[in-house]
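User: Please examine the model shown below. I would like to discuss its confidence, its cysteines, its overall form and a set of paired strands.

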Amino acid sequence: MPRFTIHVRGEWLTVPCRDVSCTIRWLGAEALRRYTKNKPDNGGIRSVKDTRFVARRCQGRGLLDPDDTIEDVLEDNDFVELGDEYNPHSCCARRDSGGWLFNHVQVYLLLDGNSLTSADLVSLGKGLHKIKLSPDAENKVVQSRELLDTIVKDNKVVYGITTGFGKFARTVIPVSKLNELQENLIRSHSAGVGSPLSPERTRMLLALRINVLAKGHSGISLETLHKMIEAFNASCLSYVPEKGTVGASGDLAPLSHLALGLMGEGKMWSPMSGWADAKYVLEAHGLKPISLKPKEGLALINGTQMITSLGAEAVERAQAVARQADIIAALTLEVLKGTTKAFDSDIHKLRPHPGQKEVALRFRSLLDSDHHPSEIAESHRFCDRVQDAYTLRCCPQVHGVVNDTIDFVKNIINTEINSATDNPMVFAERGETISGGNFHGEYPAKALDYLSIAVHELASISERRIERLCNPSLSELPAFLVNDGGLNSGFMIAHCTAAALVSENKVLCHPSSVDSLSTSAATEDHVSMGGWAARKALRVVEHVEQVLSIELLAACQGIEFLRPLRTTTPLEKAYDLVRTVVKPWIKDRFMAADIEAVHQLLLDQKVWSVAQPYIEKYRMEHIPESRPSSPTAFSLESPLSSYSMSFLNYTC
């Protein structure tokens, strides 16, 4: 029986059709009926009979005449979208699960296997670019493949090309079975479990594997590599379970699932099709499955690309939240009427760790100065307190080492992104293949364990600052930052949430890379467990973002009790930004939505965006070596270019 996949308001429905002489109007109405069937409010559709819609074939984006018969305009397993009659593009105007906009992107990123960065990879995951191979990369791929073809033609015995794998490395495979050998490898190794990677993360995984193959040391054919690029550019993404890799010999299970979809087997996702059989998703986009040649299966799955692609996202998000943590902590210090003395540049010159010096500079640029006077700071200038708690005073030392660790991890991840991690390696210029161990994931695994441990500290110290904001004996503010305490609970449970996340992180920070279990009949007798290191690093970073979101909400609420006094200009900008998405807390209300709204500000790096011009202006005027050599070397994205700043060290 023919069946069709119909997209209705963000959901994909399979609609069987017993009679293909029925019209497109009938098909649309049947899809709407199925859509509303299990919706408590009928999905907002009052009457299927009276609903008017337009239908569009996914492949080619052509509109369908409602009076045409199904057999005249559709083929079995076609994909169709339904949209509002008065806005025929409404059916596809969305960004969910990776975003339809990807198919309209025309900006290409050139991959050469040597220059991709973690930031580039995250952008590719978001669908901001399509990809092409550089001419030099294409030449290297061709030369590498020519050597492989010669090896096969000469019946040489080479691991993974004319032999089995792992324990079967000494089993020679007949030439007539070499293609089947590679296909069997992919099918048998597609043994992952768990939830699939999101489309964004699968897109990163695919892009990174393409970049590694572009180095020309894997023996992939240019034809196969081009098909992979076509699938990426169409956003046809395989179903890749997140669990199953031990991180040596590479991320075998997830990369096998990635390859399986490209072979037209298993499941795939695209913005136009949703999840469906891989062969139908490829057909819907006019693509053909890859047909593996000798060694190509091994070339597709031997490497650390899952660890590294997830690690790239983790380190980029960690860097974003770390610099925004300085702004949030500075705002909390203002609310708690802390001293700026601890950020004196002379203190930090005596312990000149780069991260520590940078964090102290950011605090100086944000807090009370001759050009950024703070009425709040002025109000307690002559108080009798000498110094603050460690959670305020030691931010440069604690936040600083987080920044330095992020830089260290980012360097390893960027090296790994542009590394050949296959086995055996193909050296066309030497005319030989060499077996080695570049597939071992110990480098990114160890680095991502370090990242988890370091970035967690931002949440640990933030949770203590939240406690100080909520505790009236420490803050001189109303308990839990709300009036009519008792009737209202304010930030009581928001602080509990922060504490819960910090406690969870303590367990997640246990390093996975200290573990190893022998696999493949003791052939692979030491592994990195890097897949779990990467996945838990992402969870730790997300928890850190959420804890800092709560602190930012609490600090802005604390400002309300200090009005009409104002803080410095950059911190007022941060406060104003928060108030664009969350109103002040007058009485108890649903809080989770507020936390999520501020979390999104951090993910979009908007808190950093409003403060960065002030930080960079201060840097230019107080650190001579940071000044541009020409007037065009630096440009502020705010109307701040006409003033100067100098930091004054107040005692309190």
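User: Over residues 630–652, how many contacts beyond four places in sequence does the model have?

Analyst: This is a predicted model, and pLDDT stays under 50 over residues 630–652. The contacts that the model places there, beyond four places in sequence, number 62.

User: What is the mean pLDDT of the protein, and which other stretch falls below 50?

Analyst: Of the residues in the protein, 90% reach a pLDDT of 70 or more, and the mean is 89. A stretch with pLDDT below 50 nevertheless has 44 contacts in the model beyond near neighbours in sequence. That stretch is residues 86–102.

User: How many disulfides are found in the whole structure, and how far is the nearest cysteine sulfur from that of Cys22?

Analyst: A search of the whole structure gives 0 disulfides. Cys22 accordingly takes part in none, and its nearest cysteine sulfur belongs to Cys17. The separation is 5.1 Å.

User: Why is the sulfur of Cys496 not bonded to the closest cysteine sulfur, and what is the relative accessible area of Cys496?

Analyst: The closest cysteine sulfur is that of Cys470, and because it lies 9.3 Å from the sulfur of Cys496, the two are too far apart for a bond. A disulfide requires the sulfur atoms to be within 2.5 Å. Cys496 itself is partly exposed, with a relative accessible area of 41%.

User: Is the protein as compact as a globular protein of that length, or less so, and what is its radius of gyration?

Analyst: The protein contains 23 helices and 14 strands. For 652 residues the globule rule gives 26 Å, and the value for the protein is close to this, so the protein is as compact as a globular protein of that length. The radius of gyration is 29 Å.

User: What percentage of the residues count as buried?

Analyst: The surface that the protein exposes comes to about 27,900 Å², of which carbon and sulfur atoms supply 52%. Among contacts with a separation of 6 or more, 75% are between residues 24 or more positions apart. Of the 652 residues, the buried percentage is 54%.

User: Which residue in E12 is the bridge partner of Trp269?

Analyst: Strand E11 (residues 267–270) runs antiparallel to strand E9 (residues 237–238), with 2 bridges between them, and Ser238 has Met268 of E11 as its bridge partner. E11 is also joined by 4 bridges to the antiparallel strand E12 (residues 274–277), and a hairpin connects E11 to E12 through 3 residues. Within E12, the bridge partner of Trp269 is Trp275.

Key. Residues numbered from 1 in each chain as written. Predicted model: local features only at pLDDT ≥ 70, side-chain atom pairs only at ≥ 80, totals over all residues. Heavy atoms only, no water. pLDDT = per-residue confidence, 0-100. Contact = heavy atoms within 4.5 Å. Buried < 20%, exposed > 50% of the residue type's maximum accessible area, 1.4 Å probe, protein only. Rg over C-alpha atoms; globule rule 2.2 N^0.38 Å. Areas by Shrake-Rupley, 256 points an atom, 1.4 Å probe, with all protein chains shown as cover. Pairing = 2+ DSSP bridges.
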